[in-house]
Amino acid sequence: MANLRSFVGFCVLILFLEPKLPALADDSGNVGVGSGSGGRVPELCNIDARSFLPPPYGNLSSVICKPIWNTFILRYSQDKDNVVNIILSSVYTTGWVGIGFSKDGKMVGSSAMVGWINRKGHAKIKQFYLQGSKEWDVIPDKGELPLTGIPSSLVIHGPSIYLAFQLKFENHLARQPIILAFGTRIPKHSHLTHHEDKTTILFDFSAGSHVSSASTNFGQMKKNHGVLGIIGWGLILPIGAIVPRYFKHKDPLWYYLHSVLQFIGFALGLATVIIGQRLYNLIHADFPSHRGIGIFVLVLSILQILAFFLRPNKDAKTRKFWNWYHHWVGRFALFFAALNIVLGIQIGGAGSDWKIGYGFLLGIVIVTVIVLEVLAYLRRSEKPTPLDPSFQMNPVE
């Protein structure tokens with residue numbers, strides 16, 4: 001038991017000495033998911049878009065080109081008057097392609113430029129305001145993008161679609177959250193269908209062409225944050241709490257399982273908070289309830305780790321108070337962790353897959369607890385009651 005405490009203490013020390021956890025995705029933005037293009041994406045920057053784009057986009061002399069996601073290529077320029085020319089391209093077959101500008105990295109409340117080829121073969125490019133997460137909340141010809149009087153343009157060249165538009169900002173555009181998305185169905189009457197895939201990145205428009213990493217894919221970081229939180233606080237820690245309550249008859253196996261599972265869950269929970277803090281520093285998203293509950297749960301988890309090292313002996317008078325503290329702090333931590341997972345899914349605008357997945361996982365945990373509680377009750381009720389020592393089967397008169 002002493003060796004286990006030493007091992008856990010060493011691992012906890014390593015975690016706190018290395019607080020800067022890298023994201024689980026490449027920060028270059030070259031996610032390359034489902035594009036099937038492999039190494040061809042960087043080569044698309046060699047295409048001279050000036051040869052087929054109308055003015056002023058075809059007359060730009062200093063354009064920076066960067067692959068940012070799948071087959072999405074972003075070309076842009078920015079002058080001293082804060083006029084930004086945006087040229088977004090992507091491999092295209094049908095449907096729509098869009099780029100949105102967000103204040104906090106969320107889809108809701110952002111404004112987007114979307115382009116497509118309609119069923120008659122006409123090119124369409126419009127601004128949309130993303131008022132909500134439903135299809136009917138995406139309002140055409142509305143938005144907050146500071147478009148200039150220069151007409152936007154949409155061109156098909158080879159296998160790719162090109163969206164070109166011009167913006168003018170009050171200040172120099174630097175690090176800006178942008179949303180990239182595409183759908184495979186053609187919009188009807190300028191109403192967008194649901195996207196097939198999307199991501200959010202933090203793009204640095206002030207970075208030059210020689211900067212190797214001008215974008216941070218915090219869309220993937222958000223997924224990592226959610227996955228680690230659900231696995232750590234939503235699965236491993238509840239299982240670790242189930243073990244000592246229902247399997248203490250498997251001594252000392254229950255103790256080692258409980259300790260190892262809780263330590264792994266704590267490590268994943270700590271990683272969740274670190275990634276969440278990194279996201280907060282990048283996009284300055286103001287979600288005080290989610291952030292506050294997350295830090296509160298982390299503090300409770302740290303108190304549980306400290307309690308592990310301060311665990312008194314079974315015969316100590318303080319043991320019953322330690323048990324009460326350990327049990328209830330753990331229960332509070334699990335309750336607020338589950339609450340924060342639900343809150344995070346809601347805040348992050350996660351799809352139904354996340355809600356169904358976590359709901360299914362939470363349901364399994366609750367059903368498991370109910371079944372084990374019933375079995376434990378039946379096992380206790382089957383134990384023979386001890387006889388009164390004063391009772392005699394054959395009393396002698």
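**Exercise 1. Where is the place of Pro252?**

Solution. Begin with the kind of model at hand: it is predicted, and for that reason local features need pLDDT of at least 70 and side-chain atom pairs count only at pLDDT 80 or more, while totals for chains, interfaces and linings use all residues. Residues are numbered from 1 along each chain as its sequence is written, and side-chain values use heavy atoms, with hydrogens and water left out. The place of Pro252 is in the loop between H3 and H4; helices (H or I, at least four residues) and strands (E, at least two) are DSSP runs, numbered from the N terminus. Next, look at the bond that leads into this proline: the peptide bond from Asp251 to Pro252 is cis, with omega near 5°. A cis bond, also with omega near 5°, joins Pro55 to Pro56, and Pro56 lies in the loop between helix H2 (40-43) and strand E1 (64-69).

**Exercise 2. Find the phi of Asn82 and of Asp141, and say whether each residue is buried or exposed.**

Solution. As background, most residues other than glycine have a negative phi, and most peptide bonds are trans. Asn82, in the loop between E2 and E3, has a phi near 65°, a positive value in a residue other than glycine. Its relative accessibility is 13%, so Asn82 counts as buried; buried means under 20% relative accessible area, exposed over 50%, and partly exposed in between (1.4 Å probe, protein chains only). Asp141, in the loop between strand E7 (138-140) and strand E8 (153-157), has a positive phi near 60°. Asp141 is exposed, because its relative accessible area is 52%.

**Exercise 3. How many salt bridges does the structure hold, and which residue pairs with Asp141?**

Solution. Recall that side chains of opposite charge can pair when their charged atoms come close. The structure holds four salt bridges, where a salt bridge is a side-chain nitrogen of Lys or Arg within 4 Å of a carboxyl oxygen of Asp or Glu. Asp141 pairs with Lys126, and their closest N and O atoms are 3.3 Å apart. This pair links distant parts of the chain, with Asp141 in the loop between E7 and E8 and Lys126 in strand E6 (residues 123-130), 15 residues apart. Another bridge joins Glu144 and Lys103 at 3.6 Å, N to O. That pair also links distant parts of the chain, since Glu144 is in the loop between E7 and E8 and Lys103 in the loop between strand E4 (96-101) and strand E5 (111-117), 41 residues apart. Glu144 is partly exposed at 48% relative accessibility, whereas Lys103 is exposed at 69%.

**Exercise 4. Describe helix H7: its span, its buried residues, and the place of Val371.**

Solution. Take the span to begin with: at 1.5 Å a residue, the 31 residues of H7 should span 45 Å, and the end C-alpha atoms are 45 Å apart, which agrees; the expected span is 1.5 Å times one less than the number of residues. Then turn to the sides of the helix. An α-helix has 3.6 residues a turn, so residues three or four places apart point the same way. In H7, Tyr358, Leu361, Val365, Leu372 and Ala376 are buried. Val371 also has its place in H7 (residues 352-382), but Val371 is partly exposed, with a relative accessible area of 43%.

**Exercise 5. Which residues line the largest cavity, and which helix gives the largest share of the lining of the second largest pocket?**

Solution. Rolling a probe the size of a water molecule over the atoms shows where empty space is left. The lining of the largest cavity consists of Leu44, Ile47, Thr71, Ile73, Arg75, Ser89, Ser90, Val91, Ser160 and Tyr162. On a 1 Å grid over the protein atoms alone, a cavity is a set of points where a 1.4 Å probe fits but cannot get out, a pocket is an open set with protein on both sides within 12 Å along at least five of seven lines, and lining residues have an atom within 4 Å of a point. For the largest cavity, E3 gives the largest share of the lining, three residues. The second largest pocket is lined by 44 residues, and among them Ala241, Pro244, His258, Gln262 and Leu334 lie nearest its centre. The largest share of this pocket's lining, 13 residues, comes from H6.
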